[in-house]
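Hello,

Here is the structure I promised to pass on to you. Please open it beside this message, so that you can follow along as you read.

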Amino acid sequence: MSRIIDSGLEELSATLHKMGELAYRAVLAAIIECVENKQVYSEICEISDALVLMADNVEDKAFELIARFQPVASDLRTIKSYMKIAYDFARFGRYALDVSYTNQKLGGIGNCDAWMISHVKEMGEKALKMINLSITSLRSHDAQLAEKVAQTEREIDKMYFDFLNKLIERADTTTKCAISSVLIVRYLERIADHVTYICESIIYIATGRKVVLR
Amino acid sequence: MAPKFEIEDLNAWFGSKHVLKNINMKIEENAVTAIIGPSGCGKTTLIRCLNRMHEITPGARISGKVLFNRVNIYGNGIDPVMIRRKIGMVFQKPNPFPMMSVYDNVAAGLKLNGIRDKKNLDEVVRRSLELANLWDEVKDDLNKSGASLSGGQQQRLCIARALAVEPEVLLMDEPCSALDPIATAKIEALIRKLAENYTVVIVTHNMQQAARVSDYTAFLYLGELIEYGPTKQIFENPKHELTERYLTGEFG
């Protein structure tokens with residue numbers, strides 16, 4: 001027999017899943033915009049707004065569940081974590097928008113050195129892969145997978161600093177390219193951070209352990 | 001600080017029915033400890049073992065030790081009446097003496113112990129009713145019948161009666177289950193206040209009540225102590241699968 005709180009938890013879980021997919025789409029669009037010079041700002045803007053709205057809805061629903069069912073143990077951990085994860089997904093939308101904004105306002109990196117474009121592309125692909133895996137591990141509250149996903153964050157961190165060092169060493173690019181690319185890799189690095197927060201939340205839901213994976 | 005109770009290998013039976021199995025736990029002084037668990041798990045029996053009330057039931061017996069202030073209350077030469085005076089009990093259904101006034105209900109224990117001095121009795125009655133957060137509601141007519149009070153007031157009267165003989169411990173067996181939410185909130189606030197100077201052990205079916213009032217929570221299942229720890233830990237992050245399932249209502 002399912003409990004009456006379960007339908008509420010499932011509703012939250014479904015909303016989060018939808019948020020994850022939207023966040024993925026936003027980040028994907030922003031990366032494609034970077035490397036292919038496409039104009040997707042307004043599309044990403046729409047997704048980002050939707051994500052913020054959905055995060056608010058998750059918070060409202062979570063509050064209702066707390067008020068009505070006084071959840072404890074894994075139910076309580078789940079609800080608390082879902083609220084945090086909803087915020088993390090909303091951040092993905094926001095960072096995707098920031099990337100897109102950089103493209104719009106500063107002309108992006110589509111016409112910059114090839115090594116920059118390929119570096120951003122590689123970092124972007126890694127970030128997208130992380131987002132995807134975090135959605136999968138969220139769906140089944142898979143702590144082991146969550147722990148693995150977080151390892152990629154270290155690679156992205158390293159790529160971020162490698163990029164900065166390379167840029168300083170070469171110093172043969174335009175200011176416009178330098179600023180755009182630095183902002184974009186920074187946003188990607190932040191996205192990876194938020195994936196890690198999500199993974200930490202999943203581990204907390206599943207095991208009750210509070211871990212710092214960064 | 002030494003624990004108030006140290007329960008060692010406690011077993012209890014009703015006839016051939018084994019209702020408590022090898023309970024080992026320490027109960028902290030001046031704190032609220034909640035005992036939770038499904039019906040028939042032995043919660044009530046456990047607290048009735050703490051002031052030797054279990055043995056009142058014909059055919060009931062125990063083995064093991066219950067150290068109270070480091071002394072085994074089941075040891076030789078221990079007077080159970082003395083123990084029950086130090087370790088008071090409040091029951092599920094408020095049970096004031098129906099034919100007695102509010103005053104006499106509170107004074108009953110003292111009078112039984114031979115205290116007759118009116119001034120002394122007045123003082124204890126007032127102090128006990130104040131401690132039980134009932135004084136303001138009854139001070140104008142202490143001679144009215146205890147049975148004329150509301151359910152919540154009756155329960156606080158019973159708490160005042162228990163406090164009048166200056167116990168060190170209050171055992172409470174579902175003290176709010178017959179009360180409305182407002183009366184319940186008053187008793188819960190009272191329990192927190194009492195914990196400053198008394199050791200309180202409360203049996204409750206209402207898990208949220210345990211979460212609200214207790215410092216420590218023990219989960220009993222089929223006569224066994226499954227999990228025991230700080231209330232925060234039990235309700236946020238129980239270690240045992242059975243506790244998790246009971247708390248989240250996935251039992252059965």
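Below I go through the sheet, one glycine, one helix and the contact between chains. Please keep in mind that this is a predicted model.

Let's begin with the sheet in chain B. It is an open sheet of four strands in the order 2-1-4-5, with antiparallel pairing. Strand 2 (17-27) and strand 5 (71-72) of chain B are at the edges, and each has a single partner strand, so one side of each has no neighbour in the sheet. As background, strands of a sheet pair through backbone hydrogen bonds, in either a parallel or an antiparallel way. Strand 1 (residues 5-14) of chain B pairs with strand 2 of chain B in the antiparallel sense, over seven bridges. To find this pairing on your screen, look for B:Phe14, which stands opposite B:Lys17 in strand 2 of chain B.

Next, have a look at B:Gly42, in the loop between strand 3 (32-36) and helix 1 (43-50) of chain B. Is B:Gly42 buried or exposed? It has 23 C-beta neighbours inside 10 Å, and 20 or more count as buried, so B:Gly42 is buried. Leaving out residues up to four places away in sequence, B:Gly42 touches B:Val19, B:Leu20, B:Leu220 and B:Gly223. By contrast, B:Asp136 is 94 residues from B:Gly42 in sequence and 37 Å from it in space, C-alpha to C-alpha.

Now for helix 4 (residues 118-131) of chain B. This helix has 14 residues and reaches 20 Å from its first C-alpha to its last, close to the 20 Å expected at 1.5 Å a residue. Which residues of helix 4 of chain B are buried? They are B:Val124, B:Val125, B:Ser128 and B:Leu129. Seen down the axis of helix 4 of chain B, these buried residues fall within an arc of 125°, so they line one face of the helix. The general reason is that an α-helix has 3.6 residues a turn, so residues three or four places apart point the same way. Their cover includes helix 3 (102-112), helix 5 (135-138) and helix 6 (151-164) of chain B. On the other side of helix 4 of chain B, B:Lys119, B:Asn120 and B:Glu123 are exposed. Just after this helix, B:Asn133 takes a positive phi of about 55°.

Finally, the contact between the chains takes eleven residues from chain B and nine residues from chain A. On the side of chain B that touches chain A, the elements giving two or more residues are helix 8 (207-213), helix 9 (231-236) and helix 10 (241-247) of chain B. By class, that side has four nonpolar, four polar and three charged residues.

Best wishes

Conventions. Residues numbered from 1 in each chain as written. Chains lettered and ligands numbered in written order. Predicted model: local features only at pLDDT ≥ 70, side-chain atom pairs only at ≥ 80, totals over all residues. Contact = placed C-beta atoms within 7 Å. Nonpolar A, V, L, I, M, F, W, Y, C, P; charged D, E, K, R; others polar. Pairing = 2+ DSSP bridges. Buried ≥ 20, exposed ≤ 12 C-beta atoms within 10 Å, placed from the backbone. Expected span 1.5 Å × (residues − 1). Arc of directions from axis to C-beta.
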